[in-house]
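Hi,

Here is the structure I promised to pass along. Please have a look at it first, and then read on for my notes.

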Amino acid sequence: QGACCGGGDSDADGEDEGRFPRRRRREQHNCWDVADGNSVQVRGPNYLSDHKKIDSKSPMLQLLAVDLFAGSDLHHYAASKRFRDRGDDFLLLLNFRLPRLQLVTVWAVPEDADWSGSHEGLLLRRFLHDMTDEERNKRIKLLPRVLEGSFFLKQAVGSRPAVIGNSCSIAYFQEEDYLEVSVDMVSSSTGKSLAGLLNSGNCVVELYIMLEGQAPAELPERILGGLTLFHVNASEITS
């Protein structure tokens, strides 16, 4: 069944399930949905020599739930009352602590995925279970894309993936059944831009996460997952 969080659950049937629900109608605001990653460019198999990027294959992970709430000091989300794990899959949590706002995504890691033995699959397994925190800091990347919004916002956010650990402090909480990546973005320009997008109410934004391939045996890259945030005004969402 996956995880049930303070935000919307991807399997919920109720029209207004969760404080931050999954999208069910085209005109719906203050909601999220899975982004399929069409046209997202990643490092190709020979990127280290030819610097060519290719379209990513489909996302590797399953997005189970998204939570959005006021505050920025809940460092360990998975240990809080907002989170309740009811599934058997290993989970990857991304906890983005923004200025006065937190955005948390919960992803399931499939056991028998078609990518398990591939370059990208082996890299993911290492990231989840074997890398040091210092190594992880150099790998995880965030790619924001503003689909609807002003030219100024699109310019401010950009559309290039960035290694999060280069500009933000990251804490990792490793347990037998999950890894939480808790990112302090309160003082970063990316965090401020993202918080602005989530308070505007008139933007559609995609967020993708991926791991940087830094050796031939780690290429091509593949997006781990993506989500779309529709016309979010965080002040209208119950904390």
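Below are my notes on the pocket, the cavity, two helices and the cysteines. Please keep in mind that this is a predicted model.

**The largest pocket**

Let me start with the open space. The largest pocket has a volume of about 250 Å³. It is lined by 17 residues, and those closest to its centre are Leu142, Pro144, Val157, Ala162 and Thr190. Which elements each supply at least two residues of this lining? They are strand S10 (140-148), helix H4 (151-157), strand S11 (162-163) and helix H5 (189-200). H5 gives the largest share, with five residues. By class, the lining of the largest pocket holds 11 nonpolar residues, five polar ones and one charged one.

**Helix H5**

Since H5 contributes so much to that lining, here is a little more on it. The helix has 12 residues, and the distance from its first C-alpha to its last is 17 Å, close to the 16 Å expected at 1.5 Å a residue. Gly191, Leu194, Ala195, Leu197 and Leu198 are its buried residues. Seen down the axis of H5, these buried residues fall within an arc of 160°, so they line one face of the helix. Ser189 and Lys192, on the other side of H5, are exposed. After the helix comes Gly201, which has a positive phi, near 80°.

**Helix H2 and the largest cavity**

Helix H2 (residues 119-129) also has a set of buried residues: Glu120, Gly121, Leu123, Leu124, Phe127 and Leu128. Why do they sit on the same side of H2? They cover an arc of only 160° around the axis, and that puts them on the same side of the helix. As background, an α-helix has 3.6 residues a turn, so residues three or four places apart point the same way.

H2 also brings us to the enclosed space. The count of cavities of 30 Å³ or more comes to one, and the largest cavity has a volume of about 60 Å³. Its lining is made up of Met60, Glu120, Leu123, Leu124, Leu211, Gly213, Glu218, Glu221, Arg222 and Leu224. Three of the lining residues come from H2, which is the largest share. Sorted by class, the lining of the largest cavity has five nonpolar residues, one polar and four charged.

One of the charged residues there deserves a second look. Glu221, part of the cavity lining, is found in the loop between strand S14 (204-211) and strand S15 (223-230). Is Glu221 buried or exposed? With a relative accessibility of 5%, it counts as buried. Glu221 and Met210 lie 11 residues apart in sequence, and their C-alpha atoms are 7.6 Å apart in space.

**The cysteines**

Finally, how many disulfides does a search of the whole structure find? The search finds zero. For Cys31, the closest cysteine sulfur is the one in Cys203, and at 14 Å that is too far for a bond. Cys203 is likewise in no disulfide, the nearest cysteine sulfur being that of Cys31. Cys31 counts as buried, at 0% relative accessibility. Cys203 is buried too, with a relative accessible area of 2%.

Happy to talk through any of this whenever it suits you.

Best wishes

Key. Residues numbered from 1 in each chain as written. Predicted model: local features only at pLDDT ≥ 70, side-chain atom pairs only at ≥ 80, totals over all residues. Heavy atoms only, no water. Buried < 20%, exposed > 50% of the residue type's maximum accessible area, 1.4 Å probe, protein only. Helix = DSSP H or I, 4+ residues; strand = E, 2+ residues; numbered from the N terminus. Arc of directions from axis to C-beta. Disulfide = S-S within 2.5 Å. 1 Å grid on protein atoms, 1.4 Å probe; cavity = no way out; pocket = protein on both sides within 12 Å on 5 of 7 lines; lining within 4 Å. Points joined across faces, edges and corners; volume = space filled by probe spheres on them. Nonpolar A, V, L, I, M, F, W, Y, C, P; charged D, E, K, R; others polar. Expected span 1.5 Å × (residues − 1).
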